[in-house]
Amino acid sequence: MQAKVTPSYYNATRNSDRRYPTLEGEIRVDVAVIGGGFTGVATALELAERGRKVALVEAQSIGWGQSGRNGGQVTGSLSGDGAMRRQLLRQMSEQAADDFIWMLRWRGHDIIRRRVQQYGINCDLKMGHLHAAYTPKAMGEFSRAHAEMVRRGMADEVELVQAKDIGRFLDTPLYHGGIYNRRNMHLHPLNLCLGEAQALTDLGGLVFENSPVLEIVHGATPSLRLPQGRIVADQIVLAGDVYHQLEQRKLSGMIFPAPGGIVTTEPLGALASQLNPYDLAVYDSRFVLDYYRMTADGRLLFGGGANYSGEPSRDLAAELRPCIERTFPQLRGVAIDYQWSCNMGIVINRIPQLGKLAPNVLFAQGYSGHGLATSHIVGEVMAAAVMAETETFDVFQRFNHVRAPVGDWLGRKMLALGMWYYLQLERFR
């Protein structure tokens with residue numbers, strides 16, 4: 001599935017201009033991974049660390065999709081946790097279900113920190129995040145979430161912030177409190193993805209760009225058919241998320257694109273530390289939320305306004321400027337230097353989808369806007385499953401998902417209508 005590419009701050013500040021070759025001819029590997037975003041790269045890197053010969057193929061370039069165009073926030077947020085918990089209780093005890101969800105919230109942080117340190121990846125990694133209460137009512141939920149974090153041993157890492165204290169963290173009139181979290185992180189996602197791909201090749205992994213897969217050929221020894229070549233492998237992992245059209249007989253109607261817009265202002269100089277003195281990443285408590293942070297060179301990177309029609313926005317700067325100026329009136333009229341969009345893969349029940357298309361062909365997709373940390377957990381899970389360690393993978397396989405029976409186009413329209421209805425309900429809570 002193609003997406004409109006617009007100039008991105010991340011591309012303008014990427015650390016590496018390395019380009020990988022196009023696949024030509026035939027190669028034989030242990031595992032072939034489709035997709036050069038975080039899920040594919042993380043899975044391939046995990047497998048290379050375990051000694052497997054891996055080839056990764058990407059239709060565009062490494063980090064081209066949402067992995068290289070997102071808000072760069074690594075947080076304990078998880079889409080679909082309510083639906084996930086209800087289904088988990090059919091498989092396991094209440095405590096085990098809560099522990100599984102807790103793992104999905106926080107395991108990705110550990111993986112990313114280890115990778116950055118182990119491979120010396122320069123991706124502007126910073127600690128600190130504020131989950132901001134957009135309404136006073138949100139503070140009740142925040143209080144319960146904070147209590148659970150404390151109970152789970154995070155007392156030294158989190159603080160429940162009251163409305164009167166928001167000014168310590170942000171120079172904005174907008175919020176009614178929040179949770180300050182020192183475990184959460186923010187970073188330059190494209191440079192993280194590029195760094196992990198470099199680590200993969202350093203371990204002997206093969207990476208190919210501009211190499212779209214035309215077909216997965218199933219069999220005892222499956223293969224990938226590409227325009228100029230072929231990969232034969234013992235196992236295949238499909239990690240293209242919402243950007244591919246493979247295996248539509250089984251995957252059509254399972255995941256839908258929702259373009260989210262991001263803009264980046266001109267450098268703010270001293271004003272950056274005045275607006276955000278702790279240099280935190282921030283998002284608010286709404287269903288369709290605003291999220292933002294300061295970049296390494298002191299720009300405000302601001303995103304929001306996901307739409308569920310599948311159609312990209314025409315003028316992101318015009319759409320997001322009122323949100324910026326409502327959050328920070330001091331930035332009225334600020335110049336916007338970059339604007340771009342990224343397709344998030346939306347799952348109707350918000351539970352990530354992991355499964356098998358054949359005994360030796362696995363797939364993973366669908367993080368519904370919270371994929372930076374989750375994709376790294378899924379990479380670990382997928383690599384383990386390839387190595388026949390399937391306990392966590394099997395938990396995901398047992399989740400039931402809603403599949404739109406009317407095709408992707410009409411499915412997107414139904415999803416958009418459902419999200420519109422949900423937002424109307426949210427307005428009157």
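Trainee: Is Thr264 buried or exposed, and how do I read that?

Mentor: Start from the relative accessible area; under 20% counts as buried. This is a predicted model, so read every value as computed from it. Thr264 has a relative accessible area of 0%, so Thr264 is buried.

Trainee: Where does Thr264 sit in the fold?

Mentor: Thr264 belongs to strand 11, which covers residues 256-265.

Trainee: Which residues does Thr264 touch, leaving out those up to four places away in sequence?

Mentor: Look past the sequence neighbours. Thr264 then touches Tyr9, Thr295, Arg299, Leu300 and Leu301. Ile336, Asp337, Tyr338 and Trp340 are also touched by Thr264.

Trainee: Next, strand pairing. How many bridges link strand 1 and strand 10, and in which sense do they pair?

Mentor: Count the bridges, then check the sense. Strand 1 and strand 10 pair over 9 bridges, in the parallel sense. One pair to find on screen is Ile27 with its partner Ile231 in strand 10.

Trainee: How many bridges join strand 1 to strand 2?

Mentor: Strand 2 spans residues 54-57, and 4 bridges join it to strand 1. These two strands run parallel. Here, Val33 has Leu56 of strand 2 as its bridge partner.

Trainee: Take Ile34. In which strand is it, and is it buried or exposed?

Mentor: Ile34 is in strand 1, residues 25-34. Its relative accessibility is 7%, so Ile34 counts as buried.

Trainee: What is the C-alpha to C-alpha distance between Ile34 and Ala55?

Mentor: Compare sequence with space. Ile34 and Ala55 are 21 residues apart in sequence, and their C-alpha atoms are 8.6 Å apart. For contacts beyond four places in sequence, Ile34 has a list that includes Val57, Val213, Ile216, Leu224 and Leu246. Ile236, Val237, Leu238, Ala239 and Gly240 are also in contact with Ile34.

Trainee: Where is His244, and which backbone atoms does its side chain reach?

Mentor: His244 lies in the loop between strand 10 and helix 7. Its side chain reaches the backbone oxygen of Asp241 at 3.5 Å. The side chain of His244 also reaches the backbone nitrogen of Leu246, at 2.9 Å. His244 counts as buried because its relative accessibility is 12%.

Trainee: Last, the second largest pocket. How much space lies in it, and which residues lie nearest its centre?

Mentor: Read volume first, then lining. The second largest pocket holds about 210 Å³ of space. Its lining has 14 residues, with Ser16, Asn191, Leu194, Gly195 and Gln198 nearest the centre. Helix 6, residues 189-202, gives the largest share of that lining, 6 residues. By class, the lining has 5 nonpolar, 7 polar and 2 charged residues.

Conventions:
Residues numbered from 1 in each chain as written. Predicted model: local features only at pLDDT ≥ 70, side-chain atom pairs only at ≥ 80, totals over all residues. Heavy atoms only, no water. Helix = DSSP H or I, 4+ residues; strand = E, 2+ residues; numbered from the N terminus. Buried < 20%, exposed > 50% of the residue type's maximum accessible area, 1.4 Å probe, protein only. Contact = heavy atoms within 4.5 Å. 1 Å grid on protein atoms, 1.4 Å probe; cavity = no way out; pocket = protein on both sides within 12 Å on 5 of 7 lines; lining within 4 Å. Points joined across faces, edges and corners; volume = space filled by probe spheres on them. Nonpolar A, V, L, I, M, F, W, Y, C, P; charged D, E, K, R; others polar. Polar contact = N/O pair within 3.5 Å; in protein donor to acceptor, adjacent residues only side chain to side chain. Pairing = 2+ DSSP bridges.
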